Amino acid sequence: MLVTLAASAIVDDLAYTDYAAPDTIPPIEIQQGSIVTSRVSITNHGNLCYDASLKFPDPPDLPPGITISPAESRILDAGKTTWYQITIHASENASVGTFTIQIADNIANDPYTWQSVELSIVPPPLPTTPAPTARVTPIARSIPTRSTGDGGAEAGGMDVSSVVRVILITFVATGIAIALWRRR
């Protein structure tokens, strides 16, 4: 009988020792007016199975405009790790800044082990300026804009047919000058 009482006392003592605890939680960043999910794990370092869930701070202890959706309860086997997905909501007017919040295991007969997590609330990105889609007309009046004419491309601000005429006149004038010079 003495042995049974000793064993019972040991089992009762084991039930109230903190064996399950959340693992380190990486920093979480969320934009105002958005929702983000993160994964949190609890590891059972003991030799008993637990029905484990997560415990979050009461709403007054969270940053203004932040809510955390509860994660469903799961069986946490001895020596195993269980992952939970949590969903964090930030309202459009949530306070911008970096806050430290606490997340704990919520296991009956096992004291809470609170784990700190850094929660950064950032403003949403500024909207991009769209590129103009309409044709832009130059404002300066001194910039010459010449049409290419019926025949084609521009050449130095002159129509191609004008350039051909100037070259032709130059050759004819040179030919006349050479002929007159030889007559002398």
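**Exercise 1.** With which residue does Arg74 form a salt bridge, and how far apart are the closest N and O atoms?

*Solution.* Begin with the ground rules: this is a predicted model in which local features need pLDDT of at least 70 and side-chain atom pairs count only at pLDDT 80 or more, while totals for chains, interfaces and linings use all residues. Residues are numbered from 1 along each chain as its sequence is written, and side-chain values use heavy atoms, with hydrogens and water left out. Next, apply the criterion, a side-chain nitrogen of Lys or Arg within 4 Å of a carboxyl oxygen of Asp or Glu. The partner of Arg74 is Glu72, with the closest N and O atoms 3.9 Å apart, and a search of the whole structure finds 1 salt bridge.

**Exercise 2.** Find which residues touch the most other members of the largest nonpolar core, and which strand gives the largest share.

*Solution.* A nonpolar core joins buried Ala, Val, Leu, Ile, Met, Phe, Trp, Tyr and Cys residues through side-chain atoms within 4.5 Å, where buried means under 20% relative accessible area (1.4 Å probe, protein chains only). Of its 26 residues, Leu54, Ile66, Leu76, Ile86, Ile88, Ile103 and Leu119 touch the most other members. Among the elements that give two or more residues are strand S3 (35-44) and strand S7 (81-90), strands being DSSP runs (E, at least two residues) numbered from the N terminus. The largest share, 4 residues, comes from S7. Finally, leaving aside neighbours within four places in sequence, Leu76 is in contact (heavy atoms within 4.5 Å) with residues including Ala20, Ile42, Tyr50 and Ile107.

Terms used. Buried < 20%, exposed > 50% of the residue type's maximum accessible area, 1.4 Å probe, protein only.
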